[in-house]
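Dear colleague,

I am passing the structure on to you here, with the sequence alongside. Below it I have set out what was found, beginning with the nonpolar packing and going on to the aromatic rings and the charged pairs.

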Amino acid sequence: MPLAEPTRIIAVRHGETAWNVDTRLQGQLDIPLNDRGRQQARLAAQALLHEGPTVLVSSDLSRARETAQAVAAATGLPLAQDPGLRERHFGAWQGHTYAEVEQRWPEASARWRRREPHFGPPEGETLQGFFDRCLSTLHRLAAAHAGQTLVLVAHGGVLDCFYRAASGQALDAPRTWELPNTGINRLLHTGEQLTLVGWADVHHLDEAARDESQDRVGHAA
């Protein structure tokens with residue numbers, strides 16, 4: 001049986017939103033980019049011209065979709081949307097800041113900070129369920145576009161799952177890698193094997209990008 005032709009994956013986090021600035025959990029709430037985020041998206045789009053992208057897919061949430069639309073405008077690629085690339089659903093916590101979550105749900109917040117795989121916020125996704133969704137989506141899209149350069153525009157939590165899968169990091173391992181807004185992340189997909197090529201490239205930006213989870217809660221949603 002011949003080996004699957006590798007798919008080059010360029011995974012990009014959406015541009016900045018007002019809720020990123022406020023360290024407010026967006027989850028699957030539909031929050032638009034702020035002005036800085038729109039500028040970041042335009043700069044990322046120009047940087048991606050040099051990558052030779054052939055396929056463009058984004059989360060259907062507006063902050064990712066708007067970022068991807070800048071890429072589509074620069075490259076001329078059609079934009080497909082896939083709900084499998086959505087951020088983790090944080091249930092009752094969506095709309096609250098990290099500090100508010102810790103204050104209102106102290107015990108649950110501690111479990112979240114420990115990254116317990118089978119814990120989920122009230123009415124939200126478990127970490128394991130979220131990880132499985134993200135990787136299933138990645139494998140499906142990569143297999144459908146074998147041999148191509150696939151740009152995926154998604155969210156901090158989604159990219160965190162990709163990094164862990166490619167680097168062999170456990171779900172409950174503390175996050176020590178960056179997830180900056182419009183960071184460009186490069187991976188190679190061969191069959192079911194995911195290899196890390198490069199991470200958190202922000203050379204295209206004219207100022208430092210935000211990674212609001214400096215305490216490494218780990219989702220940068």
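The largest nonpolar core has 28 residues, and those with the most contacts inside it are Ile9, Leu85, Leu135, Leu152, Phe162 and Leu187. At least two residues of this core come from each of S1, S2, helix H6 (127-144), strand S4 (149-154), helix H7 (156-167) and S6, and H6 gives the most, with eight residues. Please keep in mind throughout that this is a predicted model.

Leu152 is a useful residue to display: leaving out residues up to four places away in sequence, Leu152 touches Ile9, Ile10, Ala11, Val12, Val57, Leu85, Leu138, Leu141 and Phe162. There is also a second, separate core of 16 residues, which includes Ile10, Val71, Leu77 and Val151. As general background, nonpolar side chains in soluble globular proteins tend to be buried together.

Turning to the aromatic rings, the count comes to seven aromatic pairs. In one of them, the rings of Trp93 and Phe119 have their centres 6.1 Å apart and their planes at 40°, and because an angle under 30 degrees would count as stacked and one over 60 as edge-to-face, this pair is classed as tilted. The two residues belong to distant parts of the chain, 26 residues apart, with Trp93 in the loop between strand S3 (79-81) and helix H4 (98-104) and Phe119 in the loop between helix H5 (106-113) and H6. Trp93 is buried, at a relative accessible area of 0%, and Phe119 also counts as buried, at 7% relative accessibility.

Tyr163 and Trp199 form an edge-to-face pair, with 5.0 Å from centre to centre and 70° between the planes. Tyr163 lies in helix H7 and Trp199 in strand S6, so this pair ties together parts that are 36 residues apart in sequence, and both Tyr163 and Trp199 are buried. Ring pairs also link Phe90, Trp93, Tyr98, Trp105, Trp112 and Phe119 into a cluster.

As for the charged side chains, the structure holds 15 salt bridges. One of them joins Glu16 and Arg36, with 2.7 Å from N to O; this pair links distant parts of the chain, 20 residues apart, with Glu16 in the loop between strand S1 (7-13) and helix H1 (18-21) and Arg36 in helix H2 (residues 35-48). Glu16 has a relative accessible area of 3%, and because buried means under 20%, Glu16 counts as buried.

In the salt bridge of Arg114 with Glu116, the closest N and O atoms are 2.7 Å apart. Arg114 counts as partly exposed, at 48% relative accessibility, and Glu116 is partly exposed as well, with a relative accessible area of 22%.

Asp201 forms a salt bridge with Arg186, in which the closest N and O atoms are 3.1 Å apart. Since Asp201 lies in strand S6 (residues 193-201) and Arg186 in strand S5 (residues 184-190), the pair ties together parts that are 15 residues apart in sequence; both residues are buried.

These two residues also belong to a network of salt bridges that links Arg8, Glu51, Arg186 and Asp201. Glu51 lies in the loop between H2 and strand S2 (55-58) and counts as buried, at 14% relative accessibility. Apart from its neighbours within four places in sequence, Glu51 is in contact with Arg8, Ile10, Thr149 and Arg186.

With best regards

Definitions and conventions:
Residues are numbered from 1 along each chain as its sequence is written. This is a predicted model: local features need pLDDT of at least 70, side-chain atom pairs count only at pLDDT 80 or more; totals for chains, interfaces and linings use all residues. Side-chain values use heavy atoms; hydrogens and water are left out. A salt bridge is a side-chain nitrogen of Lys or Arg within 4 Å of a carboxyl oxygen of Asp or Glu. Helices (H or I, at least four residues) and strands (E, at least two) are DSSP runs, numbered from the N terminus. Buried means under 20% relative accessible area, exposed over 50%, partly exposed in between (1.4 Å probe, protein chains only). Contact means heavy atoms within 4.5 Å. A nonpolar core is a set of buried Ala, Val, Leu, Ile, Met, Phe, Trp, Tyr and Cys residues joined through side-chain atoms within 4.5 Å. Rings of Phe, Tyr and Trp (its six-membered ring) pair if their centres lie within 6.5 Å; planes under 30 degrees apart count as stacked, over 60 as edge-to-face and the rest as tilted.
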